[in-house]
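Got the viewer open? Let's take a walk through this one, stop by stop, with something to select each time.

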Amino acid sequence: MAKKAKNKHAASAAFFQRVNGPDFDIKKATEPRGGGRGGQGRSGGYNNSYGNSGARSNGNSKYPSTPASASYNFVRLPSHVIPAEFYDGNFEGVTKDVMDAYRDHVTQTGTHTGYIDLTITTETPLFIGGPSKQEDTTPLEFYGGQNNPTIPGSSLKGMVKEIFKIVTASSFRPYQRGTGLGDFEDRYLYFRDIASAIKPLKNYYAERMMTTLPCGDGPSVPKAKPGFIIQTIDNNYFVVPSSMKKYSYLNNDGMERKMNAPSIDWTDKYVNIHTGAMRSKKSYMRITKPCTFGKRIPIPQSCIESYADDKNRGTLDLLDKRTGKSDDAAKSYTRCEDIKFVVPCFFTEKDGVVEHFGHGRYYRIAYDLKISNHLPNSLEQHNNGVDLCDSVFGYGDNWAGRVSFSDAHVQGTLKMCPSDYPHPLMGPNPTSFQLYLEQNVDDHNTYNHWGHEHASLRGYKMYWHQPLAKAKDWTRTAEEKEIKGTRKIRPVDVGVTFTSRIHFERLSDVELGALLMSLNLDQYSGGQRRTYYKLGMGKSIGFGSIKLDTDVTIFDNNSRYAVLFADGAWNTGKSTTDSKHYVQAFTTYRDDVLGADKPAYNAMLEDLYMMMDWNIANGPNAAKNWTEGISMMTIKNNKMDERIKYRSKLDMPKSFIEKWSK
């Protein structure tokens, strides 16, 4: 096995050199893209982040001294992907040769079929919402109903698969439509920044959206020009350019009341554009209706799709038919029979086509790079390969997984929490680059953002365990703002036991060992840790901390078919087994493949163990200020947390724990 693993390591190196030339340094392939931004290499970045507990490097006292707090953190990405045992390392996708190799792998002698019994104990309240056709005013039921709460096998599979991917140093891929494969949604992110505390971000926006007057000495002005978006009856989009004039809200009858909300005033000669509340804003823009809608600048379909992809705009959606005029109203307004939709806008033009557009002159634009552009080079190369997770859990349409998860049902006494509204649940906000991208410095003015070529993704997002008292105090307070659409829930209480079963088929020693290690991390995390898992909804408010216990049973097919009966009963060939032999097979294969990359893998695994350590929140030596540390930074009483304003970075798990333990 060791020789085979070393051959795979050599095959990986050979592939990189074949693609990039004989002088290619595989060590550099494990660094973030480019690696040239002041020590932006993966190793350097993390070491700096771990050791940055001192004063901020620029010494500027305006920046908050309190570190960023969050209910989540990240497990770093692997620097070397461990391939499936049968994979030759050519990174050419799933070819016929790969399919044949997989078939030989699963039909070889010495594979294992059996099941793993799971015992799941809730350490904090647990909630998994089920399909409900009830009114929004009724509580959202637990999956399976309040009298038979059930953990779906799909939820267990998702939880275990993520841990398995980390333990096996598998690929980290963007979602692929139609295959179900992927770990993150790949898209462009959007932003607007004209007065940022982060100078590089402000400059990045200004380069794209501002210009200096011809004299060169005056202030910068917006590049965006006024116009009207039109959609023709053949579903093509254009902008018809126009002219504009600025008007003051002050001393203008009836207009001052329109300052605080985005809107459009339509008249037959012009439209007034109100962009909403903004500090010190005293004016609005008036766009003149063109005399003719004949001059048309094309809007590429990619530009339309890019605009529609902005999920956090927070203002009018210009493509929403309710914002503009449609059908007969559009034809009447434009006096053009081929126009079925019209809405005013501001836009920029490049090479004769519209580059982007928005509601006001300072609208949100996309970064030049997508999320996937921030994968380390090594992962980008390996994403076209086959790893251990692909082998065990399935690889799209190529082959199905060899593990299946049954629903988990309550064993023993069922305890449910009272029905109530939970604390507001915050959705992911990857536009907060100071949280989602590696930041290897404390100086805010050198932070990475989504437009930097050399910035790397932080990794797998996971939620911390929370103090039990805080997790049990999950109901919404009188001071918390009600969020539209929020429904009451009734979680399963602490101390409830569920049981489930994982069936596995034809797994090798290595694959079974990786699965067993992923399910029994408490045996391998070391020290005084209690390694618990996270499952279900509401992780950010403390829900879903669970303890796992396992028993593995393997069918001995030789015994099963050699003797039909044993002890007067049908011989099933079942036997319980110790997992150590299989875990050892996995770790031996893993270490041989990783070679010199083993320290980086250990650091990744240490991140995982820290994220799953129940004792940090609830042990005898729990972090002193953990409740504050895992609280989300918010806006309270109309006052923004200074750490949000100045985009305080999120420390890596080790440094985060150290700072909030003081």
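We'll be hunting for a pocket, so here is the term: on a 1 Å grid over the protein atoms alone, a pocket is an open set of points with protein on both sides within 12 Å along at least five of seven lines, and a lining residue has an atom within 4 Å of a point. Its volume is the space filled by probe spheres set on the points, which are joined across faces, edges and corners.

Before you click, two notes on the source. The model is predicted, so local features need pLDDT of at least 70 and side-chain atom pairs count only at pLDDT 80 or more, while totals for chains, interfaces and linings use all residues. Residues are numbered from 1 along each chain as its sequence is written, and side-chain values use heavy atoms, with hydrogens and water left out.

**Stop 1: the whole chain**

Start with everything in cartoon. The protein chain has 20 helices and 30 strands; these are DSSP runs numbered from the N terminus, H or I of at least four residues for helices and E of at least two for strands. Of its 662 residues, 50% count as buried, where buried means under 20% relative accessible area, exposed over 50%, and partly exposed in between (1.4 Å probe, protein chains only). Take the contacts (heavy atoms within 4.5 Å) with a separation of 6 or more: 76% of them join residues 24 or more positions apart. Carbon and sulfur atoms hold 48% of the accessible surface of about 31,000 Å², an area that comes from the Shrake-Rupley method with a 1.4 Å probe.

**Stop 2: the second largest pocket**

Now select E162, Y175, D183, F184 and K461. What do they surround? They are the closest to the centre of the second largest pocket, among the 38 residues that line it. The volume of this pocket is about 1,200 Å³. Color α5 (153–167) next, since you'll want it in view: α5 gives eight residues, the largest share of the lining. The elements that give two or more residues are α5, β22 (460–463) and β24 (533–534). By type, the lining divides into 19 nonpolar, nine polar and 10 charged residues. Here Ala, Val, Leu, Ile, Met, Phe, Trp, Tyr, Cys and Pro count as nonpolar, Asp, Glu, Lys and Arg as charged, and the others, Gly among them, as polar.

**Stop 3: the loop after α5**

Stay with the loop that runs between α5 and β4 (188–191), and pick R187 in it. Is this arginine buried or exposed? R187 counts as buried because its relative accessibility is 10%. Show its partners too: beyond its neighbours within four places in sequence, R187 is in contact with D309, K311, K370, I371 and P430.

In the same loop between α5 and β4, select A169. A169 isn't a glycine, yet it has a positive phi of about 50°. At 1% relative accessibility, A169 is buried as well.

**Stop 4: helix α8**

Jump to residues 327–334, which make up α8, and show A330, Y333 and T334 as sticks: they are buried. They sit on the same side of α8 because they cover an arc of only 85° around the axis, the arc being that of the directions from the helix axis to the C-beta atoms. An α-helix has 3.6 residues a turn, so residues three or four places apart point the same way. What do the buried residues of α8 pack against? Color β7 (225–232), β10 (262–266), β11 (270–275), β14 (325–326) and β15 (339–350) and you have the set. Flip to the face turned away from the buried side, and you'll find the exposed residues D328 and S332.

Just past the end of α8 comes R335, with a positive phi of about 60°. R335 lies in the loop between α8 and β15, and at 60% relative accessibility it counts as exposed.

**Stop 5: pairs that meet across the sequence**

Try A623, in the loop between α17 (615–618) and α18 (626–629). A623 is buried at 10% relative accessibility. Draw a C-alpha to C-alpha distance to W660: you should get 6.4 Å, for residues 37 apart in sequence. Leaving out neighbours within four places, A623 is in contact with I616, W660 and S661.

Last, select L375, in the loop between β17 (365–370) and α9 (377–382). L375 is buried, with a relative accessible area of 2%. S456 is 81 residues away in sequence, but the two C-alphas are 5.8 Å apart.

Note on methods:
On a 1 Å grid over the protein atoms alone, a cavity is a set of points where a 1.4 Å probe fits but cannot get out, and a pocket is an open set with protein on both sides within 12 Å along at least five of seven lines; lining residues have an atom within 4 Å of a point.
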